[in-house]
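Student: I'm new to this one and would like a close look at a single part of it. Could you pick the piece that links strands through a helix and walk me around it?

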Amino acid sequence: MARNSGIMLMVAVALCVMTVYAQAFTLVEEGSARAVIVLGKEATPSEKHAAEELVSYVRKMTGATLDIVRQGDDIAEGSGALLIGKPSTHAGIRKLVDAGSMDYGAAITGDDGFIIKTVQSDGRA
């Protein structure tokens with residue numbers, strides 16, 4: 001139960017923070033998804049569950065369904081990408097960390113740790 005509560009809190013905080021950055025990153029616009037969730041090729045069960053929870057809460061709030069894709073899948077032009085994972089399971093996150101675009105430090109631990117950051121990568125926010 002505590003694990004599910006942690007994931008729900010993560011999703012709720014993520015949605016609140018993303019609202020602040022709405023100018024830079026749009027999840028849903030006029031009832032249509034404008035972003036996809038990208039899981040790494042080595043996604044853990046916790047990461048898959050976090051993606052499913054995020055889809056569920058966005059759908060409840062907006063009526064739109066965000067697609068979940070795997071890294072390397074085609075993403076429509078103009079779509080934003082929400083990366084879920086960690087450097088060891090997601091090459092896209094590892095690339096951002098290695099480039100210095102994202103700090104993945106000791107403050108992020110366990111399955112319920114998370115970072116919310118808007119970055120430009122490959123022309124996407």
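Tutor: Let's go to β3, α2 and β4, which together make a right-handed β-α-β unit. Right-handed here means that, with the strands pointing away from you, the path from the first strand over the helix to the second runs clockwise. The helices (H or I, at least four residues) and strands (E, at least two) are DSSP runs, numbered from the N terminus. Keep in mind that this is a predicted model, where local features need pLDDT of at least 70, side-chain atom pairs count only at pLDDT 80 or more, and totals for chains, interfaces and linings use all residues. Residues are numbered from 1 along each chain as its sequence is written, and side-chain values use heavy atoms, with hydrogens and water left out.

To place the unit, the chain has three helices and five strands, and reading along the sequence gives α-β-β-β-α-β-β-α.

Start with β3, residues 35-39. Five of its five residues are buried, so β3 is largely enclosed by the rest of the structure. Buried means under 20% relative accessible area, exposed over 50%, and partly exposed in between, with a 1.4 Å probe and protein chains only. In a regular strand, side chains alternate between the two faces of the sheet. In β3, A35, I37 and L39 point one way while V36 and V38 point the other, and all of them are buried.

Now look at what sits beside β3. It pairs with β4 (residues 67-70) in the parallel sense, over four bridges. It also pairs in the parallel sense with β5, this time over five bridges. Two strands count as paired if DSSP finds at least two bridges between them. V36 is a handy marker: its bridge partner in β4 is D67, and in β5 it stands opposite A81.

Next comes the helix of the unit. α2 covers residues 45-62, which makes 18 residues, and it reaches 26 Å from its first C-alpha to its last, close to the 26 Å expected at 1.5 Å a residue. That expected span is 1.5 Å times one less than the number of residues. Plenty of names to find here: S46, E47, A50, A51, E53, L54, V55, S56 and V58 are buried in α2. Right after the helix comes G63, with a positive phi near 85 degrees.

That leaves β4, and I68 is a good residue to stop at in this strand. I68 counts as partly exposed, because its relative accessible area is 39%. Leaving aside neighbours within four places in sequence, I68 is in contact with I37, L39, A51, E52 and V55, where contact means heavy atoms within 4.5 Å. I37 and L39 point one way from β3, and A51 and V55 are buried residues of α2. There's a C-alpha to look for as well: I68 and K48 are 20 residues apart in sequence and 9.1 Å apart in space.

Now for the other neighbour of β3. Side chains alternate along β5: G80, L82 and I84 point to one face and are buried, whereas A81 and L83 point to the other and are not. β5 (80-84) is also part of what covers the buried residues of α3. In α3, residues 91-98, the buried ones are G92, I93 and L96. They cover an arc of only 100 degrees around the axis, which puts them on the same side of α3; the arc is that of the directions from the helix axis to the C-beta atoms. A91 lies in α3 too, and it counts as partly exposed because its relative accessibility is 32%. The C-alpha atoms of A91 and E42 are separated by 9.1 Å, although these residues are 49 apart along the chain. Just after α3, G100 takes a positive phi of about 85 degrees.

Finally, step back to the whole chain. Buried residues make up 33% of its 125 residues. Among contacts with a separation of 6 or more, residues 24 or more positions apart account for 66%.
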